[in-house]
Amino acid sequence: MLARLQHGGGGMDPKDVFSLGLGLNEPWKLAGHRLDVETRPHELHLEVVADRGALFACPDCKRACKAHDFESFTWRHLNFFQHHCFITARVPRVDCPDHGVKRVTVPWARAGSRFTLLFEQAALILAREMPVAAAARFMGITDKRLWRILQHYVARAVGELDLGSVRAVGLDETASKRGHNYVTVFIDMDRADKPVIFATPGKGKACVAAFRAFLLSHRGEPTRVAEVVCDMSPAFLAALATSFPKAAVTVDWFHVVQIFTTAVDQVRKAEARSRQLPKAIRWAVLRAGDGALTDDQRIALAELETGGFATAAAYRAKEMLRWIRHADTPQAARWRITRFINHIGTGLDPTAMLDPVRRALGTVATHTERIIQRWKSSHSNARLEGLNGIFQAARARARGYRNTATYITIIYLLAAPLPDILKSI
């Protein structure tokens, strides 16, 4: 088809075809095109020029001004069939009486970018559907350049969030990659879809203070936040008392189960160093009760219960949490928690191997009132449990991500109630 256009086939001037595709308007027009067949893949180069003596809008005030000087720039455009396509133009600076000498903005690209708007739009579509590294390879650019596109549009959309209606907040932390690079994510507990409203590097008090500042800068009001759902981190709890003094703090059930799951695994590891545990026991004690056990895992649990293992005592403590969870009222929950602490605590063997379970019991005892708040809350724990799915999806989509900032970008892209980014291009 390109050859036919070059020879005038089809009854339309090739310049008209390309100008139509680029959406060019005065004073810009297509001056020429060439196909470089020496490169792999082939490259189609389009030259765009402005009419001689044309006036250009000042990028600050839009006043029509004369050109001061020109500089040549090149932008990557969408492929023309199988050929990579590039646009080259001499872009002027204007001498505005009010704002001085300024580089004008071309209609086919945003300021500072070396990609056309249509190319960036395609990049955003791909990045929402596939890992960024794979999308970059598909488009023939480096993942670093693709990340820059994503971060620009996501940051702009996040800046437009209106958080004036936020009344209940949930927060949780996750490791952005192996090691100790953490990200703390805040969600609107009243949103069933795309609940993420803030994400920041790190964990602890500084993250809560950063969220309060973000809320204020996006029409939110900290004193109107009636409830905060979180884990039992002392740093989080101390910061919440300062930043959101009027909010009731609810310890979500997911983290109650998590501390006992961790305790079971710690006991299992310690016991495995001194005696042989049943095969397949690791995943059996972590997954028990979810209906997805294999035959080997069921056999391992049976052996654990009859073998006098310390891990069995830890496992029974974790499983008893189900009894507490099914309490019908706050009063019933308080009674069951008290019975649970006394029953498990007095029945534990004094060996140091079970210290993780004792520490978990102590944590529950310390935070009993915040745990009971769950029965008074109208917000589902499924919101925070669902964050795990968001984190996993973000890690998969950001596979090969370079830093915490890019991980946060993907979290926003996948799970924040952003304005339609594609419509903003």
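Analyst: Helices, of at least four residues, and strands, of at least two, are DSSP runs here, numbered from the N terminus. With that in hand, please remember that we are reading a predicted model. Where would you like to start?

User: With the prolines, please. Between which elements is Pro27 found?

Analyst: Pro27 is in the loop that links helix H2 (14-22) to strand S1 (28-36). The peptide bond between Glu26 and Pro27 is cis, and its omega is about 5°.

User: And what kind of peptide bond joins Arg40 and Pro41?

Analyst: That bond is cis too, with omega at about -5°. Pro41 sits in the loop between S1 and strand S2 (43-50).

User: Next, backbone torsions. What is phi of Lys62, and where does this residue lie?

Analyst: Lys62 has a phi near 65°, which is a positive value in a residue other than glycine. You can find Lys62 in the loop between strand S3 (56-57) and strand S4 (64-65).

User: Is Lys62 buried or exposed?

Analyst: The cut-off for exposed is over 50% relative accessible area. Lys62 has 58% relative accessibility, so it counts as exposed.

User: What about Ala280: what is its phi, and where is its place?

Analyst: Ala280 is not a glycine either, yet its phi is positive, at about 70°. The residue belongs to the loop between helix H8 (253-272) and helix H9 (281-287). Its relative accessibility is 37%, so Ala280 counts as partly exposed.

User: How should I read Gly53? Where does it lie?

Analyst: Gly53 is part of the loop between S2 and S3. With 71% relative accessibility, Gly53 counts as exposed. Try looking along the chain as well: Ala67 is 14 residues away from Gly53 in sequence, and their C-alpha atoms are 8.0 Å apart.

User: Which helix holds Ile299, and what is the C-alpha separation of Ile299 and Ala284?

Analyst: Ile299 is in helix H10 (residues 295-306). Its C-alpha atom is 9.2 Å from that of Ala284, with the two positions 15 residues apart along the chain. As for accessibility, Ile299 has a relative accessible area of 47% and is partly exposed.

User: Let's turn to helix packing. At what angle do helix H3 and H5 pack?

Analyst: The angle between helix H3 (residues 117-129) and H5 is about 90°, and their axes are 10 Å apart. Angles of 65 to 115 degrees count as roughly perpendicular. H3 is therefore roughly perpendicular to H5.

User: Which residues meet there?

Analyst: From H3 come Leu117, Glu120, Ala123, Leu124 and Ala127, and from H5 come Leu146, Ile149, Leu150 and Tyr153. Sorted by class, the contact of H3 with H5 holds 8 nonpolar, no polar and 1 charged residues.

User: How do helix H6 and helix H7 cross?

Analyst: The axes of H6 (residues 205-217) and H7 (residues 234-243) come within 8 Å, with a crossing angle of roughly 30°. Angles under 35 degrees count as roughly parallel, so H6 and H7 are roughly parallel to each other. The crossing of H6 past H7 is right-handed. On the H6 side, Lys205, Val208, Ala209 and Arg212 make the contact, and on the H7 side Ala235, Phe236, Ala239, Leu240 and Ser243 do. By class this contact of H6 with H7 has 6 nonpolar, 1 polar and 2 charged residues.

User: Now the interior. Which residues touch the most other members of the largest nonpolar core?

Analyst: First the general idea: in soluble globular proteins, nonpolar side chains tend to be buried together. Here the largest nonpolar core has 64 residues, and Leu146, Val185, Val196, Ile411, Tyr412 and Leu418 touch the most other members. Helix H5 (residues 143-159) supplies the largest share of this core, 8 residues. There is also a second, separate core of 41 residues, and among its members are Val251, Ala327, Ala333 and Ile371.

User: What is Val196 in contact with, leaving aside its neighbours within four places in sequence?

Analyst: On that basis, Val196 contacts Val185, Phe186, Ile187, Leu387, Ile390, Ile411, Tyr412, Ala415, Ala416 and Pro417.

User: One last residue: is Thr404 buried or exposed?

Analyst: Buried means under 20% relative accessible area. Thr404 has 16%, so it is buried. Thr404 is in helix H16 (residues 404-415). Not counting residues up to four places away in sequence, Thr404 touches Ser176, Asn181, Tyr182, Val183 and Pro201.

Conventions:
Residues are numbered from 1 along each chain as its sequence is written. This is a predicted model: local features need pLDDT of at least 70, side-chain atom pairs count only at pLDDT 80 or more; totals for chains, interfaces and linings use all residues. Side-chain values use heavy atoms; hydrogens and water are left out. Axes are lines fitted to C-alpha atoms, for helices over the stretch in contact, and angles run from 0 to 180 degrees between N-to-C directions. Angles under 35 degrees count as roughly parallel, over 145 as roughly antiparallel, 65 to 115 as roughly perpendicular and the rest as oblique. A crossing is left-handed if the near helix is turned anticlockwise from the far one by less than a right angle, and right-handed if clockwise. Contact means heavy atoms within 4.5 Å. Ala, Val, Leu, Ile, Met, Phe, Trp, Tyr, Cys and Pro count as nonpolar, Asp, Glu, Lys and Arg as charged, and the others, Gly among them, as polar. A nonpolar core is a set of buried Ala, Val, Leu, Ile, Met, Phe, Trp, Tyr and Cys residues joined through side-chain atoms within 4.5 Å. Buried means under 20% relative accessible area, exposed over 50%, partly exposed in between (1.4 Å probe, protein chains only).
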